[in-house]
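Please look through the sequence and the model with the paragraphs below as a guide. They begin with how a pair of helices is described and then turn to strands.

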Amino acid sequence: MACVDPVERLKEEYKAWAHNHPKDFIANPVKKDNEEIDWLTWQCAIPGPKKTIWEGGLYKLELSFPQDYPFKPPKCVFNPVIFHPNVFPSGKVSLSLIDRNKGWKPQITTKEVLLGIQLLLSEPNFQDPAQAEAFVVYSQSRMEYEDRVKKQAKEMASNGLG
């Protein structure tokens, strides 16, 4: 396996992101108290997809990259936790794209991860539920599910991010 420095790879990805990223998405490496940049931890925000019940919300997410990135995927956690069938109660995202035993490949970039998570918002995978409450509400009352997601989108409407 080729030796890849995760920090160098992430610096390249960040440079590409700064140059060309999807509208309304936010992704920045975290600055520590001493002003040093922690390249392995990124604060991100994903806009709810347009023309969906998620529209209007800006969902905060933390990406934690492992020391052996890109050979292992980042851990992606919504904070605050969102109501969604594929988000664990801890906020961790369940998505094959970022599962090293399913769809993860070292070529996948942070940009593709964030776009994949945005798509998952409006297209949940019901074969692999991670949050019982959201899954049950969706299964039993589509209307209640949609109402709760719309309410959440209002609560998370670019609150203090920008």
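Axes here are lines fitted to C-alpha atoms, for helices over the stretch in contact, and the angles between them run from 0 to 180 degrees between N-to-C directions. With that in mind, and remembering that this is a predicted model, one can turn to helix H3, which covers residues 132-140, and helix H4, which covers residues 142-155, whose axes come within 5 Å and cross at roughly 130°. That angle makes H3 oblique to H4, because angles over 145 degrees would count as roughly antiparallel and those from 65 to 115 as roughly perpendicular, with oblique kept for the rest outside the roughly parallel range under 35 degrees. On the H3 side of this contact stand Glu133, Ala134, Val137, Tyr138 and Gln140, and they meet Arg142, Glu144, Tyr145 and Arg148 of H4. By character, the residues in the contact of H3 with H4 comprise 4 nonpolar, 1 polar and 4 charged.

The strands can be followed from S2, residues 37-47, which is largely enclosed by the rest of the structure, because 8 of its 11 residues are buried. Strand S1, residues 26-31, pairs with S2 in the antiparallel sense over 6 bridges, and within this pairing Lys31 has Ile37 of S2 as its bridge partner. S1 and S2 form a hairpin with 5 residues between them, and in the turn Glu35 has a positive phi of about 70°.

S2 also pairs with strand S3, residues 58-64, again in the antiparallel sense, over 7 bridges. Here Ala45 has Lys60 in S3 as its bridge partner.

Notes:
Residues are numbered from 1 along each chain as its sequence is written. This is a predicted model: local features need pLDDT of at least 70, side-chain atom pairs count only at pLDDT 80 or more; totals for chains, interfaces and linings use all residues. Side-chain values use heavy atoms; hydrogens and water are left out. Buried means under 20% relative accessible area, exposed over 50%, partly exposed in between (1.4 Å probe, protein chains only). Helices (H or I, at least four residues) and strands (E, at least two) are DSSP runs, numbered from the N terminus. Two strands pair if DSSP finds at least two bridges between them. Contact means heavy atoms within 4.5 Å. Ala, Val, Leu, Ile, Met, Phe, Trp, Tyr, Cys and Pro count as nonpolar, Asp, Glu, Lys and Arg as charged, and the others, Gly among them, as polar.
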